[in-house]
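Here are a few exercises to work through with the model open beside you. Try each task before reading its solution.

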Amino acid sequence: MEFIRPSEHNAIPTYRVMDQYGQVINKELDVETSDEEALTLYKNMVCLSIMDLLMFEAQRQGRLSFYMMSAGEEGIAIGTASALTPADVIFCQYRETGVFMQRGFTLDQFMNQLFANSKDYGQGRNMPVHYGSSDLNIHTVSSPLATQIPHAAGAAYAVKLQNQQQSDKEPRVVVCFFGEGAASEGDFHAALNIAATREAPAIFICRNNGYAISTPTRDQYRGDGIASRGAGYGMDTLRVDGNDIFAVRRAVKEARKIALEDGGKPVLIEMMAYRVGHHSTSDDSFAYRQKVEVEDWKRRDNPITRMRKWLEGRGVWDEEKERELRSVLRKDVLKAFEKAEKLKKPAIVNAFAGVYEELTDEAKAHIAELKDILERYPNEYDVDQYEGGLDSLTQALEKKQ
Ligand SMILES: Cc1ncc(C[n+]2csc(CCOP(=O)(O)OP(=O)(O)O)c2C)c(N)n1
Ligand SMILES: [Mg+2]
């Protein structure tokens, strides 16, 4: 009789391509990335980090209601997105802004969503950072944790059928991001199990950043991280150094091949990182972790500085280029920010639209009541900041069905 004793097993190893000094570990394998592409990835990571800092400050100034930073995890999102095809379908949690950036979501589009202005695709019906883009094949971020994981499993099954039916088209995979905290939800287990039994072409990517708001991983799970669960669901699994963008890219490219084997085979990747920023602008992480812990991580390792060292080692980057890039990006972000801040809010009727094809009688009664209140208290409610003022409510009430 031999009990399996996890504590006696070695930890699952972490896949790396370059070390923390930006040196390639296996010179023969190299990084599978041209200098030109590496520079694009680097610029996107820097752009994301600049946008994060400016938006964090904007929230502190009261100009934005809420924001979430990706600091320390830029390489995971940008590296993954760069290893996929544009048709692959992506589901995000909320700390994957880099996925949107790498796929071509513009600074204007980010800012329109953050301000929930009239050009926001969600028309103001979502929290800031809950981006979505059907053009880019990225589903809209959803706040309730882990709900995206079963959605992704279902979408992967649908994509599997499409791949079979449309054999003239490039086969697609579905990629789903989630945090190690979200992996404690029942939805995680249900989703991985259904993807495994349905043999769906899904790549599940766990960002293990050490915390779920204030809960450190030691209070979140026992056992060897999230990767150890992959084997339990019969999935090919890999643990990757999330600070190493080249390792992230290699891992995702290989996972994509596996996911499409024999029509479909889900894969789990655990990407190791550290959440450098606060959970969100609503959080002060120094209430539950030492400042020195964060400073230590910042100094020791970071996906951006690691790649910068590599670029400098290749002789394609230097201090002056860095300064120039940062100054240009800062101006670009601020320009988009100021433009979006000036736009009107979406028409008020959007608070009711998009649920049913036709407004229900109940919704119409609510609209009438809202309109009545807004008309009676013009000093309390400034309707001019909304597209068309009260017009959209009037039109909704007048519309014959
Ligand atoms: C169902 C549900 N429960 C709780 C929350 C509140 N909540 C938001 S983020 C979060 C932590 C998630 O941590 P993790 O998945 O590790 O992602 P990270 O924030 O570290 O990127 C919690 C508990 C929520 N949004 N939804
Ligand atoms: Mg986490």
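**Exercise 1.** Find what covers the buried residues of α9.

*Solution.* Start with the cover: it includes α1 (35-60), α2 (74-82), β3 (202-208), β6 (236-241), β7 (267-272) and α11 (303-314), where contact means C-beta atoms, placed from the backbone, within 7 Å. Helices (H or I, at least four residues) and strands (E, at least two) are DSSP runs, numbered from the N terminus. A quick note on the source: this is a predicted model, in which local features need pLDDT of at least 70, side-chain atom pairs count only at pLDDT 80 or more, and totals for chains, interfaces and linings use all residues. Residues are numbered from 1 along each chain as its sequence is written, while chains are lettered from A and ligands numbered from 1 in the order in which they are written.

Next, count the covered residues: 11 of the 15 residues in α9 are buried, that is, 20 or more other C-beta atoms lie within 10 Å of their own (exposed is 12 or fewer, partly exposed in between; C-beta atoms are placed from the backbone). Among them are I245, F246, R249, R250 and A259.

**Exercise 2.** How does the span of helix α9 (residues 245-259) compare with the expected one?

*Solution.* The expected span is 1.5 Å times one less than the number of residues. For the 15 residues of α9 that gives 21 Å, and the helix reaches 21 Å from its first C-alpha to its last, close to expectation.

**Exercise 3.** Work out the strand order of the open sheet of five strands.

*Solution.* Two strands pair if DSSP finds at least two bridges between them. The order is β1-β2-β3-β7-β6, with parallel pairing. At the edges are β1 (89-91) and β6, each of which pairs on one side only.

**Exercise 4.** Place β7 among its partners, and ask which way its residues point.

*Solution.* Take the β3 side: six bridges join β3 to β7, with R207 partnered by M271 and N208 by M272. Now the β6 side: six bridges join β6 to β7, and D241 has M272 as its partner. Finally, look at the faces: V267, I269 and M271 point one way, L268, E270 and M272 the other, and all are buried.

**Exercise 5.** Which residues are closest to ligand 1?

*Solution.* The closest are L145, G179, G181, A182 and A212, out of 15 residues that surround the ligand (C-beta atom, placed from the backbone, within 6 Å of it).

Notes: Two residues are in contact if their C-beta atoms, placed from the backbone, lie within 7 Å.
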